[in-house]
Amino acid sequence: MATRTRLLPPAPRGGPPSAQAPDEITAPATIHDEILREPAVLEVDRFSLWYGPRQALFDVGMSVPEKRVIALLGPSGCGKSTLIRSLNRLNDLIPNLRTSGDIRLRGESVIGPDVDVINLRKRMGMVFQKSNPFPMSIYENVVFPLRIDGIGDKVVLDETVERALRSAALWEEVKDRLQQSALALSGGQQQRLCIARAIAANPEVVLMDEPCSALDPIATAKIEDLILELQQEYTVVIVTHNMQQASRVSDYTALLIFGRLIEYGPTADIFQKPRRQETADYVQGRFG
Amino acid sequence: MEAARVTPVEAAQRAVASAVAPAAPASGAGAQPPHRRGRRTALAAAGEPLVWLLGAGQVLAVLMIAGLLGLIFYQGFRTFWPRPLVQMQVRTAPDAPPQRYLGEVVRHESYRLTGTAPDGAVPAAERRSLLRVGNYDFYGDDFRWIPELGVVAELRPADAVTIERLEWGPFFGFVREYRVDGRTVATGEAAWRRFQAEHGGARGQWARARRMLKHDLGRVNRKLEEDRLALRRVELAHGRDSAEYADAVRESAAGSARLQEEYRRIQSQAEALRQEAERTSLVVAEVGGREKELKSAEIVRAFQPNALGFTGKLGVYFSRWWEFLSAEPREANTEGGVLPAIFGTVAMTLIMALLVTPFGVIAALYLREYARQGWLVSVVRIAVNNLAGVPSIVFGVFGLGFFCYVIGASMDQLFFAEKLPNPTFGTGGLMWASLTLALLTVPVVIVATEEALAAVPRSLREGAFACGASKWQVIRRVVLPKALPGIMTGVVLAMARGAGEVAPLMITGVVKLAPELPLDGEFPFLHLNRSFMHLGFHIYDVGFQSRNAEAGKPMVFTTTLLLICVVLLLNISVIAVRTRLKRKYESGYF
Ligand SMILES: Nc1ncnc2c1ncn2[C@@H]1O[C@H](COP(=O)(O)OP(=O)(O)O)[C@@H](O)[C@H]1O
Ligand SMILES: [Mg+2]
């Protein structure tokens with residue numbers, strides 16, 4: 001413990017007056033009871049993460065209820081991306097990374113050297129901040145997760161493309177040009193294509209890391225509607241630093257500040273009746 | 001539920017608005033620095049002198065390249081234009097009879113006699129012309145300097161002929177007689193007309209005879225050689241005293257008798273054809289009056305340049321270009337065509353590209369994607385980059401020592417034992433030259449591929465990993481397609497570098513005159529063991545190794561022009577492929 005406190009990041013200079021230095025937040029996270037009553041898909045258990053000597057997550061503990069939209073909210077640099085990328089072990093690509101604690105998907109740990117990471121990632125689709133369609137046709141982009149599984153059956157692939165593109169509200173727009181390059185689509189279409197790709201293999205959880213931050217308001221609205229649709233079939237974890245967005249799309253909101261979970265509860269409660277002072281400060285714009 | 005989602009934020013927004021509002025006037029008011037009118041940004045601050053410098057550097061570079069290309073294009077395209085024949089009357093001493101010379105004026109120059117006159121005066125500059133007088137068989141030299149002071153008369157006789165022939169270089173002179181079977185059938189103007197009418201036929205017959213000697217006899221020869229090798233194989237396998245060997249000897253004796261018979265038959269046919277072609281001849285005289293009889297069949301081209309109109313000259317010009325591009329060289333490479341050299345250059349460059357691309361891409365993939373980035377990889381990277389600075393002849397020596405003498409010799413031992421001691425792969429050849437050049441250019445491909453791989457956005461890789469792809473799947477399906485245009489750029493650069501390289505080829509398989517093309521109708525069609533000709537080496541050979549450097553000079557420019565065009569065409573074809581790939585993948589973000 002002693003070493004850990006020494007490695008804390010320095011308090012940012014020139015921050016707003018009510019901002020607290022991370023070491024001043026010592027109280028454990030406030031978790032509303034509603035969440036605990038729901039069956040959990042993912043459980044994060046006292047999870048900490050270090051980039052080299054620098055700690056980015058501090059004892060985060062939260063559970064993700066099934067078929068809900070969970071928003072991860074917080075000022076930029078607070079560790080939202082770090083947390084969501086830990087869920088599907090995408091952080092493995094970063095050298096000198098160290099973690100403690102555990103994350104469980106349906107009760108099985110996803111941390112540890114002997115976990116089948118590739119299989120784990122297949123159970124979770126992911127959408128990124130910057131849309132990243134692959135340099136291939138629209139069709140091939142959508143079936144990519146199936147192709148890498150060696151599925152070549154044309155009927156299955158065709159079905160998947162139509163289902164995924166319909167779910168991503170893109171089918172009508174691209175059904176006549178499936179064989180064209182995906183890079184010719186507009187930014188919003190590309191992002192919806194990435195969502196189609198993320199759900200093509202029927203994942204258990206869909207992870208979204210600020211999926212709208214590079215889009216214009218109309219494209220953003222479309223994607224937000226889409227997320228509400230997806231919720232009927234999938235569990236969605238969405239990172240955002242946009243409070244309106246969190247309130248529009250999510251059932252539960254978790255607030256992270258300086259790598260610590262502050263408060264986690266139903267979205268309406270977080271914004272209207274926050275139990276923690278930090279949450280109240282944040283939603284009133286006095287933080288970040 | 002939707003309504004409930006909107007309300008909480010509205011409260012927050014109101015709070016934000018009220019918090020920001022009072023602060024707003026503070027930033028707007030206050031002492032802004034007075035706007036300084038009339039004071040312009042310092043020249044150095046605007047960076048303009050630097051821009052001029054950069055611009056000047058750019059212009060200089062472009063001018064140098066344009067100048068070089070301009071020279072090559074001007075000289076290269078001029079070579080084949082027929083030049084007028086000038087007859088000069090020259091008096092060397094006041095009372096001596098004038099000497100007559102006939103030839104093409106190559107250039108003029110000023111010269112000054114060295115030393116000083118007894119009275120200390122520096123001799124005045126004099127002008128002289130270089131005349132290509134040809135007729136090497138008479139004069140023993142193709143060129144002559146004519147001092148302009150001594151020229152008493154300069155004529156352009158309309159009946160002067162330029163004759164390009166198979167031996168002795170060009171002949172400049174006048175037509176006297178036309179002979180058939182040694183009997184004179186026409187003289188003067190009539191002889192010239194008759195020759196022109198019948199020349200094509202004689203050339204055709206002669207070419208047929210030559211093809212027979214070369215291809216049909218060559219085929220019989222190869223069969224004889226195969227029989228000999230088969231016999232030798234039996235000998236190696238069973239020994240000289242075995243029954244099998246005795247059988248094989250009997251068989252081969254019968255076979256070779258048949259082949260010898262065929263050989264004689266073809267030879268006599270070709271001989272008959274040749275004699276038919278050589279029945280006609282042209283008697284010509286040089287400007288001094290000495291006569292010579294030239295067989296029609298041995299005359300490649302003859303024309304009267306001073307009587308030729310523009311279209312006639314154009315005809316000669318294109319016929320010369322066609323010969324250059326489609327024929328084999330003659331006269332120690334200074335005349336005739338360069339088809340084998342074009343073929344060798346293209347084949348070598350393409351094989352090299354086929355070899356270097358997988359080499360370079362695999363090496364770069366390992367360096368960038370798989371190796372742990374540490375000091376060892378850095379050292380390897382530096383070493384690879386410095387490989388490009390090793391003199392190319394060193395690669396040639398390595399290619400000769402390792403590929404030809406180690407790998408090639410072992411291959412001979414294993415697969416071509418019956419041909420020994422004649423080497424098959426154990427000597428320079430197309431394969432080894434291409435491999436040597438692949439080694440030489442592999443750094444170019446590695447560096448370009450590494451850059452292309454590094455330029456693949458991280459978001460793409462992460463997206464593929466997040467779909468559950470393995471590392472190899474990410475590379476194979478996402479990273480490589482994205483990096484492909486960059487890799488192709490590297491291949492283009494490597495090809496440009498490799499096609500212009502000469503030194504390492506000289507010891508790994510290029511020859512002055514290759515008897516056979518590496519590609520023919522014989523199995524296995526592409527003969528990677530054969531030595532070949534190369535335009536780059538041809539330039540060196542014609543320009544600096546021939547009997548007469550002055551005669552080879554125009555050919556140097558023309559061959560250089562051709563080499564540039566060949567490299568350009570090769571590059572354009574690769575670039576076209578790259579553009580297609582790019583268009584397939586990148587129809588542009590927006
Ligand atoms: N690859 C990395 N190496 C080192 N530090 C990192 C890396 N990625 C993120 N960080 C740091 O971790 C903290 C959390 O980052 P991140 O999770 O990206 O924040 P957010 O997504 O909430 O804006 C930041 O302070 C950031 O500088
Ligand atoms: Mg982030």
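B:Asp541 touches B:Ala332, B:Asn333, B:Lys512 and B:Ser546, leaving aside residues up to four places away in sequence; a contact here is a pair of heavy atoms within 4.5 Å. The residue sits in helix H16 (residues 535-544) of chain B. Helices (H or I, at least four residues) and strands (E, at least two) are DSSP runs, numbered from the N terminus. With 3% relative accessibility, B:Asp541 counts as buried. Buried means under 20% relative accessible area, exposed means over 50%, and partly exposed is in between (1.4 Å probe, protein chains only).

A word on the ground rules. This is a predicted model, where local features need pLDDT of at least 70, side-chain atom pairs count only at pLDDT 80 or more, and totals for chains, interfaces and linings use all residues. Residues are numbered from 1 along each chain as its sequence is written, chains are lettered from A and ligands numbered from 1 in the order in which they are written, and side-chain values use heavy atoms, with hydrogens and water left out.

**Chain B overall**

Chain B has 17 helices and 13 strands. Of its 590 residues, 40% count as buried. Take the contacts in chain B between residues at least 6 apart in sequence: 68% of them join residues at least 24 apart. The chain exposes about 32000 Å², and carbon and sulfur atoms supply 62% of that. These areas come from the Shrake-Rupley method with a 1.4 Å probe; for residues, only the protein chains shown count as cover.

**Cores**

Which residues have the most contacts inside the largest nonpolar core? They are A:Met62 and A:Phe144, in a core of 56 residues. Helix H14 (residues 471-499) of chain B gives this core its largest share, seven residues. Apart from it lies another core, this one of 54 residues, including B:Leu430, B:Leu437, B:Leu561 and B:Leu570. A nonpolar core is a set of buried Ala, Val, Leu, Ile, Met, Phe, Trp, Tyr and Cys residues joined through side-chain atoms within 4.5 Å. Among the residues that A:Met62 touches are A:Leu42, A:Glu43, A:Val44 and A:Tyr264.

**Rings and a surface patch**

Over all chains, the count comes to 19 aromatic pairs. Rings of Phe, Tyr and Trp (its six-membered ring) pair if their centres lie within 6.5 Å; planes under 30 degrees apart count as stacked, over 60 as edge-to-face and the rest as tilted. B:Phe403 and B:Trp432 have ring centres 5.9 Å apart and planes at 10°, so they are stacked. This pair links distant parts of the chain, 29 residues apart: B:Phe403 is in helix H11 (residues 392-415) and B:Trp432 in helix H12 (residues 430-454), both of chain B. Both residues are buried.

B:Phe73 turns up in two groupings. One is an aromatic cluster with B:Phe77, B:Phe80, B:Trp321 and B:Phe324. The other is a nonpolar surface patch with B:Ile65, B:Leu69 and B:Phe77, with about 340 Å² of accessible area together. Patches are made of residues with over 30% relative accessible area and no salt bridge; like charges are joined within 9 Å, nonpolar side chains (Val, Leu, Ile, Met, Phe, Trp, Tyr) within 5 Å. B:Phe73 itself is in helix H4 (residues 48-78) of chain B and, at 33% relative accessibility, counts as partly exposed.

**Salt bridges**

Side chains of opposite charge can pair when their charged atoms come close. A salt bridge here is a side-chain nitrogen of Lys or Arg within 4 Å of a carboxyl oxygen of Asp or Glu, and the count over all chains is 49. Here are some from chain A:

| Salt bridge | N to O distance |
|---|---|
| A:Arg104 and A:Glu43 | 3.8 Å |
| A:Arg166 and A:Glu172 | 3.6 Å |
| A:Glu173 and A:Arg192 | 2.8 Å |

A:Glu173 lies in helix H7 (residues 171-174) and A:Arg192 in helix H8 (residues 187-199) of chain A, so this pair ties together parts 19 residues apart in sequence. A:Glu173 is partly exposed at 32% relative accessibility, whereas A:Arg192 is buried at 5%. Salt bridges that share partners also join A:Glu43, A:Asp45, A:Asp102 and A:Arg104 into one network. For the second table row, A:Arg166 is partly exposed, with a relative accessible area of 45%, and A:Glu172 is exposed at 53%.

**A:Arg98**

A:Arg98 lies in strand E5 of chain A and is partly exposed, with a relative accessible area of 44%. Setting aside residues up to four places away in sequence, A:Arg98 touches A:Ser48, A:Leu49 and A:Trp50.
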